Amino acid sequence: MKYCIVNGKIILNDQIVEKNLWIQDEKIINITDETDPEATVIDAQGNFVSPGFIDVHTHGKNGSDAMNATFEDLDNLSVSNVKTGVTGFLPTTMTQSQESTYAAIKNIAENQDKVNGARIIGTHMEGPFFNIKHKGAQPGEYIVDPSIEMFDKMTGEYSEVVKLLSLAPEMPGSDALTKYLLEKGITVSLGHTGATYEEGKKLLDLGADHFTHTYNAMTPLNHRNPGIVGLAMDSDQTYAELILDGHHVSAPAARILYHAKGDDYLTLITDSMEACMKDPGTYQLGGQGVTVENGTARLKDGTLAGSILCMNDAVKNAMDYFHIDIVKAVRLASLNPAKSIKVEDQLGSIAVGKLADIIIFDDQVRLKHAFVNGKLIY
């Protein structure tokens, strides 16, 4: 199929151009003033034409969770994500039993190419290799020390689908597992951790370059003990995730992180759970009851349990909180996450030759159209 998107403001890496975008089959083939008489014309009506957003940390949405391990749940996640501007995502597992984690990863690997919405790029394993004192909403009974053996048991023959894994660097075995994962091309992220700055830096020196929902469930910045938050801010060429919902991190703290990481290394995530896109009420996360009210999802003890944030709202919040333009805000949700999981050669920006994962939205980041792999699906 061939499309020509006209009357749009195309968001490139560093500018907006008012040209026409040609799509053929799954690729972007031209950015030009000309129209294509053989193409189906899509009128953007003056709206923004943007690279699709990429969410590298999302557990659930619209009543489904990645841990449910069914095609129906994965497909619902895929279709629901598109409605929020996400065209590529990592269904994220959480700390659970070896059997449950294997089932979820097997399901993702076997069905990632069968879903009808946003592309499943792979999976993010959030756990179980954490510090129980910083477990957040992760079920403590399933937390174990990092080990190659346990990773292999949990992923089995499907380890290639893992693109990102979060672990606590101070736990015994983290060094060996990090080296093993990096050899497989898996991005290693520091999270749910009580590590010191120095303990965290040992993993960065090995090649880890990612921080899981920065500020949340990690050692804070102190002027004498800079902790993992300080390490995230102080380390060059490392990606810092941020849940920009106004609840997980205050606006000033979010701005401070943005100024520390800049436009190239801050990565917006949702960390969304099944209640995202649903009415307030009672839901589940990793087998735990979660109450959603007043814009937050919390366990019985009041612990924040993921979010109900949608990525298009996170991008709008970035513009408002950071006082930045749409070009920079989009980059935080597209190119930066793509780079963080090493798929930027095909995804994350609009350029000739890249895969046509494209969205069209208005100045409030409300979605109008979405293309995934060159197909108009919304």
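These are my notes on one helix, one helix pair and the cavities of a predicted model.

Setup: I number residues from 1 along each chain as its sequence is written. Local features need pLDDT of at least 70 and side-chain atom pairs 80 or more, while totals for chains, interfaces and linings use all residues, and side-chain values use heavy atoms, without hydrogens and water.

Helix 6: I looked up residues 227–234 (helices are DSSP runs of H or I, at least four residues, and strands E runs of at least two, numbered from the N terminus). Seven of the eight are buried, so the rest of the structure largely encloses this helix; buried means under 20% relative accessible area with a 1.4 Å probe, protein chains only. The buried ones run Gly 227, Ile 228, Val 229, Gly 230, Leu 231, Ala 232 and Met 233. Their cover includes strand 15 (187–190), helix 5 (197–206), strand 16 (210–211) and helix 7 (251–261), with contact meaning heavy atoms within 4.5 Å.

Helices 2 and 3: I found residues 98–111 packing on 148–155 at about 55°, axes 7 Å apart (lines fitted to C-alpha atoms over the stretch in contact, angles 0 to 180 degrees between N-to-C directions). Helix 2 contributes Gln 98, Thr 101, Tyr 102 and Ile 105, and helix 3 Met 150, Lys 153, Met 154 and Thr 155.

Cavities: I got two of 30 Å³ or more (on a 1 Å grid over the protein atoms alone, points where a 1.4 Å probe fits but cannot get out; lining residues have an atom within 4 Å of a point). Volume is the space filled by probe spheres set on the points, joined across faces, edges and corners. The largest has about 70 Å³, the second largest about 50 Å³. Helix 9 (residues 326–333) gives the most to the second lining, three residues.

Methods: Buried means under 20% relative accessible area, exposed over 50%, partly exposed in between (1.4 Å probe, protein chains only). On a 1 Å grid over the protein atoms alone, a cavity is a set of points where a 1.4 Å probe fits but cannot get out, and a pocket is an open set with protein on both sides within 12 Å along at least five of seven lines; lining residues have an atom within 4 Å of a point.
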